[in-house]
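Me: I'd like to go through this one slowly and learn what the terms mean. Can you take my questions as they come?

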Amino acid sequence: MFENLSERLEGVFQRLRGKGKLTKDDVERGLREVRLALLEADVNYRVVKNFVDRVRERALGAEVLESLTPAQQLIKIVHEELIRTLGETPAPLDLGGSRPVPILLVGLQGSGKTTTAAKLALFLRKKGHRPYLVPADVYRPAAIDQLKTLAERVGVPVYDTDPTDNPVEIAKKALAEAKALGRDVAIIDTAGRLHIDEAMMTEAAAIKETVSPREVLLVADAMTGQDAVNIAKSFHEKVGLTGVILTKVEGDARGGAALSIREVTGCPIKFIGTGEKLEALEVFYPDRLASRILG
Ligand code: GDP
């Protein structure tokens with residue numbers, strides 16, 4: 001992940017390191033390359049602009065130009081600003097409120113939503129929670145069976161969804177069931193479609209309205225780059241998100257979505273999916289990712 005961006009930035013800093021003391025022109029030239037590297041990594045142009053502006057403001061100060069190790073200082077600033085762009089600190093799940101705590105997963109088909117529901121259940125179970133899985137995608141009966149199978153694999157009970165029920169009813173009944181079973185978190189897998197459409201948004205909003213989830217998490221595929229960012233934007237505007245789970249991050253050589261989502265939508269990335277295995281879900285740490293990008 002981020003191979004291209006890391007390599008590009010490494011090249012930029014290598015050239016600056018060879019220079020000893022930097023002039024304003026050196027900094028500008030370096031920034032121009034940083035900008036290109038980010039754009040090539042498919043980072044949103046507005047995010048790139050803000051990023052470069054912030055780095056420039058700090059880099060042209062005495063802190064860098066009068067330092068004995070200007071390239072080092074510049075790298076440090078880029079590192080800090082990357083962390084800032086990525087959201088500073090990890091955003092933990094909000095599991096407050098009465099039990100069972102409802103968590104709504106939304107997103108497009110193929111984003112990894114159903115797999116992520118099971119991954120999240122496993123993650124929470126390992127933390128000592130008593131999760132419950134709720135398949136609420138009645139348009140794709142295979143999705144219900146898929147989640148039931150995955151639930152068994154992660155050792156988490158699953159609601160026996162009646163596909164002739166409507167999703168709002170399913171969510172309501174499933175929560176009552178979760179409560180009766182003494183479960184403390186209910187993860188609801190909503191319907192996805194191939195493209196954003198009104199019906200999907202309206203349904204997600206209706207379920208949200210009914211169950212008042214503590215978390216509404218968008219599951220988005222990192223490999224789709226700026227599409228993932230636009231999808232996040234739409235869902236946030238129409239349904240209201242509390243966070244994003246970015247999947248398939250391990251196969252994303254560029255990192256444009258990861259670097260753009262926070263700043264474009266204002267929603268934190270809470271987890272990243274790093275593989276097909278059900279254990280492959282990690283809490284998202286902005287500082288770790290920034291360090292990885294800079295190699
Ligand atoms: P849904 O249509 O959004 O419910 O998507 P699925 O959960 O069925 O996942 C679609 C495909 O993406 C499946 O083959 C998953 O194994 C795969 N997948 C999900 N998350 C990840 C991930 O983090 N990394 C990789 N490599 N594959 C993933």
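**The annotated stretch, the ligand and the pocket**

Reply: Over residues 268-281 the chain is 0% helix and 43% strand, with the end C-alpha atoms 16 Å apart. Strands here are DSSP runs of E, at least two residues, and helices are runs of H or I, at least four, numbered from the N terminus. This is a predicted model: local features need pLDDT of at least 70, side-chain atom pairs need 80 or more, and totals for chains, interfaces and linings use all residues. Residues are numbered from 1 along each chain as its sequence is written, and side-chain values use heavy atoms, without hydrogens and water.

Me: What makes the contact between the ligand and the side chain of Thr114 a polar one?

Reply: A polar contact is a pair of N or O atoms within 3.5 Å. An oxygen atom of the ligand is 2.7 Å from an N or O atom in the Thr114 side chain, so the pair fits that definition. Polar backbone atoms take part too: Gly110's is 2.7 Å from a ligand oxygen, and Lys248's is 2.9 Å from one.

Me: What makes a residue of the pocket lining count as nonpolar, polar or charged?

Reply: Ala, Val, Leu, Ile, Met, Phe, Trp, Tyr, Cys and Pro are nonpolar, Asp, Glu, Lys and Arg are charged, and the others, Gly among them, are polar. By that rule, the lining of the largest pocket has two nonpolar, seven polar and five charged residues. Helix α6 gives the most to this lining, with three residues.

Technical notes:
A polar contact is a pair of N or O atoms within 3.5 Å; within protein, one must be able to donate a hydrogen and the other to accept it, and residues adjacent in sequence count only if both atoms are side-chain atoms.
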